[in-house]
Amino acid sequence: MYRELHHPLVQTLINSLRDNSIDAFVFRHTIKEVTKLLLYEALREAPLTSKKVLTWNGEKEYAYIKEDDIVVVSVLRAALPMHEAVINTLRAAVSGFLAIKRDEVTHKSVLYYDRVGDCSGKKVILVDPMVATGGSLCDAIEVLKAKNAQAICTLNIIASPEGISKIQSMHPDVEMIIAKIDEKLNDDMFIIPGLGDAGDRAYNTV
Ligand code: PRP
């Protein structure tokens, strides 16, 4: 299943990202802003737990998200600003990292770094800004399932219809929260209109 955020604020932020004149700092900042909105949507049904806290008015009991049960996994490197936004909100969540590189000639994705622990009983929030062919996200989901993730939801800034179809057909149990579904992929497997290479734009890579 997948959900697209239809909101004027999201649209404004996404279209700001399309502007090639914004610098890397503003690009990362805007990615973080969109990520918070994606997280808001992803946690709509999150289970809550009661905790006793000392307030100005004595000890009280309030409900909080069970952050300890959440693992936040990023697909390096373009996801790093998104990762930062999520763990700044869910401060008790565990972090994990995967590095998956898309071969520029074959367009196939290759896993070359895995720093994710066992995910038994955990909900995994998998972040990657771009879903083009869906290959990288699919590989990441397979890695997380092999680590016994109880549930997986993805946060994505832009996704192509082709990439979404691939994930949905291979992993129908995974929930995708997408800020904007763009038109299509071009022959080089870039999302149109897209943002260009999000990793390069976030980190001034030439
Ligand atoms: C980008 C992006 C995704 C992947 C999407 O990463 O961050 O991980 O491409 O493409 P796909 O859906 O066709 O797999 P890239 O491989 O450019 O690496 P980077 O994050 O280091 O820039």
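**Ligand shell**

I began with the ligand in this predicted model and looked up what surrounds the ligand: of 16 residues around it, Asp128, Ala132, Thr133, Gly134 and Ser136 come nearest. Sorted by class, I found six nonpolar, five polar and five charged residues in that shell.

I then went through contacts to oxygen atoms of the ligand. Arg77 places a polar side-chain atom 2.9 Å from a ligand oxygen, whereas Ala78 uses a backbone N or O atom, at 3.0 Å from an oxygen of the ligand. Gly134 also comes in through a backbone N or O atom, which lies 2.8 Å from a ligand oxygen. For the ligand as a whole, I noted that 500 Å² is exposed when the ligand is taken alone, and that the protein buries 93% of that area. As to which elements give two or more residues to the shell, I listed strands β4 (70-76), β5 (94-102) and β8 (130-131), together with helix α4 (135-146).

**Arg77**

Since Arg77 had come up at the ligand, I followed this residue further. Arg77 sits in the loop between β4 and α3, and its relative accessible area of 33% makes it partly exposed. I checked the peptide bond that joins Leu76 and Arg77 and found it cis, with omega about -5 degrees.

Arg77 also forms a salt bridge with Asp197, in which the closest N and O atoms are 3.9 Å apart. I noted that this pair links distant parts of the chain, 120 residues apart, with Asp197 in the loop between β12 (191-192) and α6 (198-203) and Arg77 in the loop between β4 and α3 (80-89). Asp197 is partly exposed, at 31% relative accessible area. For a distance across the model, I took Arg77 and Ala151, which are 74 residues apart along the chain and have C-alpha atoms separated by 23 Å.

**Other salt bridges**

How many salt bridges does the structure hold? I counted nine, and I looked at some of the others one by one. Asp173 and Lys145 meet through their side chains at 2.9 Å, N to O. Asp173 lies in the loop between α5 (161-170) and β10 (175-181) while Lys145 belongs to helix α4, so this pair ties together parts that are 28 residues apart in sequence. Asp173 is partly exposed with a relative accessible area of 47%, and Lys145 is partly exposed as well, at 32%. I also recorded a network in which salt bridges with shared partners join Arg3, Glu41, Arg44 and Glu175.

The salt bridge between the side chains of Asp69 and Lys66 has an N to O distance of 3.9 Å. Here I found Asp69 partly exposed, at 31% relative accessible area, and Lys66 partly exposed, at 35%.

**Cysteines**

Why is Cys138 in no disulfide? Its sulfur is 16 Å from the closest cysteine sulfur, that of Cys153, and this is too far for a bond, because a disulfide needs two cysteine sulfur atoms within 2.5 Å. For Cys153, which is in no disulfide either, I found the nearest cysteine sulfur in Cys119, 13 Å away. The count by this rule therefore comes to zero disulfides. I then asked whether these two residues are buried or exposed: Cys138 is buried, with a relative accessible area of 2%, and Cys153 is buried too, at 0%.

**Backbone geometry**

Most residues other than glycine have a negative phi, and most peptide bonds are trans, so I looked for departures from both patterns. Besides the bond before Arg77, which is cis, I noted a cis peptide bond from Ile192 to Pro193, with omega near 0 degrees; Pro193 is in the loop between β12 and α6.

For phi, I found a positive value near 70 degrees at Asn148, which is not a glycine. Asn148 lies in the loop between α4 and β9 (151-159) and is partly exposed, with a relative accessible area of 44%. Met189, also not a glycine, has a positive phi of about 65 degrees; I placed Met189 in the loop between β11 (184-185) and β12, where it is partly exposed at 25% relative accessible area.

**Tyr40**

My last entry is on Tyr40, which I found in helix α2 (residues 24-42) and which is exposed, with a relative accessible area of 59%. From Tyr40 to Val174 I noted 17 Å, C-alpha to C-alpha, for two residues 134 apart in sequence.

Notes
Residues numbered from 1 in each chain as written. Predicted model: local features only at pLDDT ≥ 70, side-chain atom pairs only at ≥ 80, totals over all residues. Heavy atoms only, no water. Buried < 20%, exposed > 50% of the residue type's maximum accessible area, 1.4 Å probe, protein only. Near = heavy atom within 4 Å. Polar contact = N/O pair within 3.5 Å; in protein donor to acceptor, adjacent residues only side chain to side chain. Areas by Shrake-Rupley, 256 points an atom, 1.4 Å probe, with all protein chains shown as cover. Helix = DSSP H or I, 4+ residues; strand = E, 2+ residues; numbered from the N terminus. Nonpolar A, V, L, I, M, F, W, Y, C, P; charged D, E, K, R; others polar. Salt bridge = Lys/Arg side-chain N within 4 Å of Asp/Glu carboxyl O.
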